[in-house]
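Subject: Structure for you to look at

Hello,

Here is the structure I said I would pass on. Please open it beside this message and follow along; my notes come after it.

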Amino acid sequence: MSHLDGASQARIRTVVEDLEQVLLDFIRDHQITHAEYRTATDLIIDSVKSGEESLLFDVFCEAAATDVGNVGRQGSLEAIEGPFYLPGAPALSGPLNVMPQRDDEKGEPLLFHGIVVDTDGQPLGGVELDLWHADAEGLYSNIHPNIPDWNLRGRFTSEDDGSFRVLTILPPPYEIPKDGPTGTVLRALGRHFFRPAHLHVKLRHRDYAEMTSQLYFRGGEYLDADVANAVREGLVIELRTVDDPTEVAERGLDRPYVEARYDFVLAPTSQA
Ligand code: BEZ
Ligand code: FE
């Protein structure tokens, strides 16, 4: 099995030869020296070897690839996955799913809910939502140290009427890792390291195209200055504070919380 399985020979030739030409023109146009060339290849190699995975490319390029996929899409907008997704998160059980978290998990409670429909607006039950996000310190479990495995990562399923509800905490804006090669590049460019607060979610159903979304919160910091330049208007959702004691108690909670809604449209596999 190779990484290029599934791509046609014609596509590979067109894309790879064009990339080759772009890079060759770039080297000539900027009179890139051999030392500069080697610095760049070492930096890319180090970024992977030091455990940054796809961070470097996700910061600079992933949003553009996602934009291409969104042109003419029939389902909801897709968004960048980023480098911190891991398959195999714990399966939660509904109807109110509670994300895995520490007993003293910091952060304001967030009730995230909505419905999943098809492109005709018909509710879709049995859709798996695979949600992951940072904790109140802006850190991801299984990536950053001293956090229980799978904290704030969970999979749950939409109900027969397409609805889903999950209780978690509101993540903050966070700084991406800045002590490795990607940080070196951003620092040299004079850029900051912040991303606006967000939830990541993948949706899956056997009859529909899998999709990856990322949702931001209206009014949040860094919406206009995301280091990964990935915020798009259709991905920004409203937050409502619920502090009426009756409403809070009805949810089985003992303190005010914030609520956010987003409805997803899944497209059939052939027309994503
Ligand atoms: C993230 O959303 O987790 C992310 C995306 C791009 C670069 C770094 C982090
Ligand atoms: Fe993230």
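**Ligand 1 and its surroundings**

The largest cavity is the space that ligand 1 takes up. Keep in mind that this is a predicted model.

Around ligand 1 there are 14 residues, and the closest are Leu55, Tyr174, Arg195, His198 and His200. Sorted by class, this shell holds 8 nonpolar, 4 polar and 2 charged residues.

Which elements supply at least two residues of the shell? They are α3 (55-60) and β8 (198-205). The most comes from α3, which gives 3 residues.

Three side chains have a polar atom facing an oxygen atom of ligand 1 at a short listed distance:

- arginine 195, at 2.6 Å
- histidine 200, where the atom is an N or O, at 3.0 Å
- tyrosine 140, at 3.4 Å

On its own, ligand 1 has 260 Å² of accessible area, and the protein covers 100% of that.

**The sheet**

Strand β8, which helps to surround ligand 1, also belongs to an open sheet of 5 strands. The order is β4-β3-β8-β9-β10, with mixed pairing. At the edges are β4 (153-157) and β10 (236-237), and each of them pairs on one side only.

How do β3 and β4 pair, parallel or antiparallel? Strand β3 (residues 128-132) and β4 are antiparallel, with 5 bridges between them. If you want to find one of these by eye, go to aspartate 130, whose bridge partner in β4 is arginine 155.

Regards

Definitions and conventions. Residues are numbered from 1 along each chain as its sequence is written. Chains are lettered from A and ligands numbered from 1 in the order in which they are written. This is a predicted model: local features need pLDDT of at least 70, side-chain atom pairs count only at pLDDT 80 or more; totals for chains, interfaces and linings use all residues. Side-chain values use heavy atoms; hydrogens and water are left out. A residue is near a molecule or strand if one of its heavy atoms lies within 4 Å of it. A polar contact is a pair of N or O atoms within 3.5 Å; within protein, one must be able to donate a hydrogen and the other to accept it, and residues adjacent in sequence count only if both atoms are side-chain atoms. Accessible areas come from the Shrake-Rupley method with a 1.4 Å probe; for residues, only the protein chains shown count as cover. On a 1 Å grid over the protein atoms alone, a cavity is a set of points where a 1.4 Å probe fits but cannot get out, and a pocket is an open set with protein on both sides within 12 Å along at least five of seven lines; lining residues have an atom within 4 Å of a point. A molecule sits in a cavity or pocket if more than half of its atoms lie within 2 Å of its grid points. Helices (H or I, at least four residues) and strands (E, at least two) are DSSP runs, numbered from the N terminus. Ala, Val, Leu, Ile, Met, Phe, Trp, Tyr, Cys and Pro count as nonpolar, Asp, Glu, Lys and Arg as charged, and the others, Gly among them, as polar. Two strands pair if DSSP finds at least two bridges between them.
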